[in-house]
Amino acid sequence: MTHDEFVAGIRERYSDLFDPANSDEDWRYLITIGPGWWPLVEEYCERAQAMLRDHGEVGLWFVRQIKEKFGGVRIYVRPATERLNVDWYPQAVHDIDPTPVQELLSDLRSQIVERANTTCEECGDVGGLRVINGWYRTCCEKHFEEWQRRKGSI
Ligand SMILES: [Zn+2]
C-alpha cells in the first residue's frame, strides 16, 4: 500500500473525523507519517469515530493534522467551530472545562502517542527514539542503522 492509498482509505472509512470542507490539496498534507505507524493511526481513527458517534458529537470535532515531529506522532484535533487561535493539547491551560468527548479523545491520543514512541515509524517493529545531528526519529535497530548509513555517520 502506498501512502496515498493509506490516506485515501482513512478519508473514506473515517469521514466523520475530518472536515468535509477539506480539499484534495488539504488531504495531501493532512496525514504525513511512515507506514510503521499506519496501524496506530487507523486504530486512533476507528476508536475516535466510535466515540463521536456514541456521544452524538459527529461534526463537532475534526482531526486537522497527523504528523511526525521530533520523532513522535502528533495528532491535532480541533472543535469544528473553533475560530480562536488556541491549540488544544492535554497540557494546555484552558478556562473552559473539557467535555467528556474531549477527555476521551485526549486519553485515546495519549495511548496512541505512547505506543508510537516504542514503534518503528518505518516498519512497525519495536523501536525507540533516536537522534542524529539534531534529527529525531523513532525506529528499530535495523532502520536506525539504515538511517545512519544514509546520513553518512557510519
Ligand atoms: Zn524498523
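This is a short walk through one protein structure, from its overall layout to its zinc site.

Hello everyone, and thanks for coming. One thing before we start: what you see is a predicted model. Let's begin with the whole chain and then move in.

The protein has 154 residues, and buried residues make up 41% of them. Its surface exposes about 9,100 Å², with carbon and sulfur atoms supplying 49% of that area. As for secondary structure, there are 5 helices and 5 strands. If you follow the sequence from start to end, the elements come in the pattern α-α-β-α-β-β-α-β-β-α. How far apart in sequence are the residues that touch? Taking contacts between residues at least 6 apart, 52% of them join residues at least 24 apart.

For one example of distant stretches of the chain, look at G9, which sits in helix α1, residues 3-13. Between G9 and E42 there are 33 places in sequence, and their C-alpha atoms are 9.4 Å apart in space. Is G9 buried or exposed? With a relative accessible area of 11%, G9 is buried, because the cut-off for buried is under 20%.

Now to the sheet. Three strands form an open sheet in the order β1-β2-β3, and the pairing is mixed. At the edges you find β1, residues 31-32, and β3, residues 72-79, each of which pairs on one side only. Strand β2 covers residues 61-69 and runs antiparallel to β3, with 8 bridges joining the two. You can pick out individual partners here: I66 is bridged to I75 in β3, and K69 stands opposite G72 in β3.

The turn of that hairpin deserves a pause. There are 2 residues between strands β2 and β3, and F70 takes a positive phi near 50°.

You may remember that β3 is an edge strand. How many of its residues are buried? The count is 7 of 8, so β3 is largely enclosed by the rest of the structure.

Let's move along to the zinc site. Which residues hold the zinc ion? The protein donors are C120, C123 and C140, each through SG, together with H143 through ND1. These donors lie 2.0 to 2.3 Å from the zinc ion. Along the chain, they follow the spacing C-x2-C-x16-C-x2-H.

Why do we call the arrangement tetrahedral? Because the 4 donor atoms subtend angles of 101 to 114° around the zinc ion, and four donors count as tetrahedral if all angles lie between 85 and 135 degrees.

Two of the cysteines make a nice contrast. C120 has 0% relative accessibility, so it counts as buried. C123, with a relative accessible area of 34%, is partly exposed.

My last stop is R137, in strand β5, which spans residues 135-139. Is this arginine buried or exposed? R137 counts as buried, because its relative accessibility is 14%. Its side chain makes a polar contact with the side chain of E122, at 2.7 Å. Setting aside neighbours within four places in sequence, R137 is in contact with several residues, including G71, E122, W147 and R150.

So, to recap for anyone new to this structure: we have an open sheet of 3 strands, a zinc ion with a tetrahedral set of 4 donor atoms, and a buried R137 whose side chain contacts that of E122. Thanks for listening, and I'm happy to take questions.

Terms used:
Residues are numbered from 1 along each chain as its sequence is written. This is a predicted model: local features need pLDDT of at least 70, side-chain atom pairs count only at pLDDT 80 or more; totals for chains, interfaces and linings use all residues. Side-chain values use heavy atoms; hydrogens and water are left out. Donors are N, O and S atoms within 2.8 Å of the metal (3.2 Å for Na, K and Ca); water is not among the atoms, so sites may look incomplete. Four donors count as tetrahedral if all angles lie between 85 and 135 degrees; four count as square planar and six as octahedral if opposite donors are over 155 degrees apart and all others between 65 and 115; anything else is irregular. Buried means under 20% relative accessible area, exposed over 50%, partly exposed in between (1.4 Å probe, protein chains only). Helices (H or I, at least four residues) and strands (E, at least two) are DSSP runs, numbered from the N terminus. A polar contact is a pair of N or O atoms within 3.5 Å; within protein, one must be able to donate a hydrogen and the other to accept it, and residues adjacent in sequence count only if both atoms are side-chain atoms. Contact means heavy atoms within 4.5 Å. Two strands pair if DSSP finds at least two bridges between them. Accessible areas come from the Shrake-Rupley method with a 1.4 Å probe; for residues, only the protein chains shown count as cover.
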